[in-house]
Amino acid sequence: MGSALATGLTRRGLRVLAVDSDAAVVQGLSAALPHVVQADATDRESLLQLDVHEMHRAVIAIGEGLEASILATSLVAELGVKEIWAKATGVQHARILRRMGADHIVLPEQEAGERLSHVVAGSMQDFLTIDDDYAFVTMEAPASLVGRTLGGSGLRREHGVTVVAVRPAGGAFTHAEAETCVEAGDTLVVAGRNEAVERFSEHR
């Protein structure tokens, strides 16, 4: 998670300082990241030498070792970093990280498993939650919509969902409009409450 995040942010033009205690990891990332150093993120003096206290945001993405994750989060918060993201391995770990000063908690395994459960169990191509009970779903257009415009389909009234984007077969996604006519093979991005989008994904 940490290396993928660091390289992604760097590609977007942000200045990233990556820290890892493993020399092999640092060496492997040196070509992709301009600022990657070998250091102990659980050592206060090391963090001070790296000017971590001057950073606007920090992400603690320690994959193994609850103690190291908790201590690093606590130190970064103590040094005054304004916004802290932290990776947790479970609910209890997440609670501790919040107490230590983390503003945002990421549970990648749990979130990935939940997301995959929706895809495996139904006819969705992807499922993305943006709140506890609101999601975006990617799915093939049901036969009941083919040949109809979105404005005349009554989707919001009948199913409580909204189509926000449409991709024709072999084409690219475009914004959905009231006059958009759904064709066979189209891929839809549908938004709504979890239960509503789940029901609609089974509607053929």
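**Exercise 1. Find how strand S6 and strand S7 pair, and what lies between them.**

Step 1. Strand S6 (residues 124–131) runs antiparallel to strand S7 (residues 134–140), and 6 bridges pair them. Two strands count as paired if DSSP finds at least two bridges between them. Strands (E, at least two residues) and helices (H or I, at least four) are DSSP runs, numbered from the N terminus.

Step 2. For one bridge, take phenylalanine 127: its partner in S7 is valine 137.

Step 3. With 2 residues between them, S6 and S7 form a hairpin.

A word on the source: this is a predicted model, in which local features need pLDDT of at least 70, side-chain atom pairs count only at pLDDT 80 or more, and totals for chains, interfaces and linings use all residues. Residues are numbered from 1 along each chain as its sequence is written, and side-chain values use heavy atoms, with hydrogens and water left out.

**Exercise 2. Place S6 and S7 in their sheet, and find which helix lies across S6 and S7.**

Step 1. The open sheet has 5 strands in the order S6-S7-S10-S8-S9, with antiparallel pairing. Its edge strands, S6 and strand S9 (174–175), each pair on one side only.

Step 2. Follow S7 to its other neighbour: S7 and strand S10 (residues 187–192) run antiparallel and are joined by 6 bridges. Here glutamate 140 has threonine 187 in S10 as its bridge partner.

Step 3. Now add helix H8 (residues 194–201), which lies across S6, S7, strand S8 (161–167) and S10. Helix H8 runs at about 170 degrees to S6; axes are lines fitted to C-alpha atoms, for helices over the stretch in contact (heavy atoms within 4.5 Å), and angles run from 0 to 180 degrees between N-to-C directions.

**Exercise 3. Work out the order and pairing of the sheet that holds S3, S4 and S5.**

Step 1. The order is S3-S4-S5 in an open sheet of 3 strands with parallel pairing. Strand S3 (57–60) and strand S5 (104–106) are the edges, each pairing on one side only.

Step 2. On average, neighbouring strands of this sheet are turned by 15 degrees against each other, direction ignored.

Step 3. Strand S4 (residues 83–87) pairs with S5 over 3 bridges in the parallel sense, and lysine 87 stands opposite valine 106 in S5.

**Exercise 4. Describe how helix H4 meets helix H5.**

Step 1. The axes of H4 (residues 66–78) and H5 (residues 91–99) come within 9 Å and cross at roughly 25 degrees.

Step 2. That makes H4 roughly parallel to H5 (angles under 35 degrees count as roughly parallel).

Step 3. Leu66, Ser69, Ile70 and Thr73 in H4 meet His93, Ile96 and Leu97 in H5.

Methods: Parallel < 35°, antiparallel > 145°, perpendicular 65-115°, else oblique.
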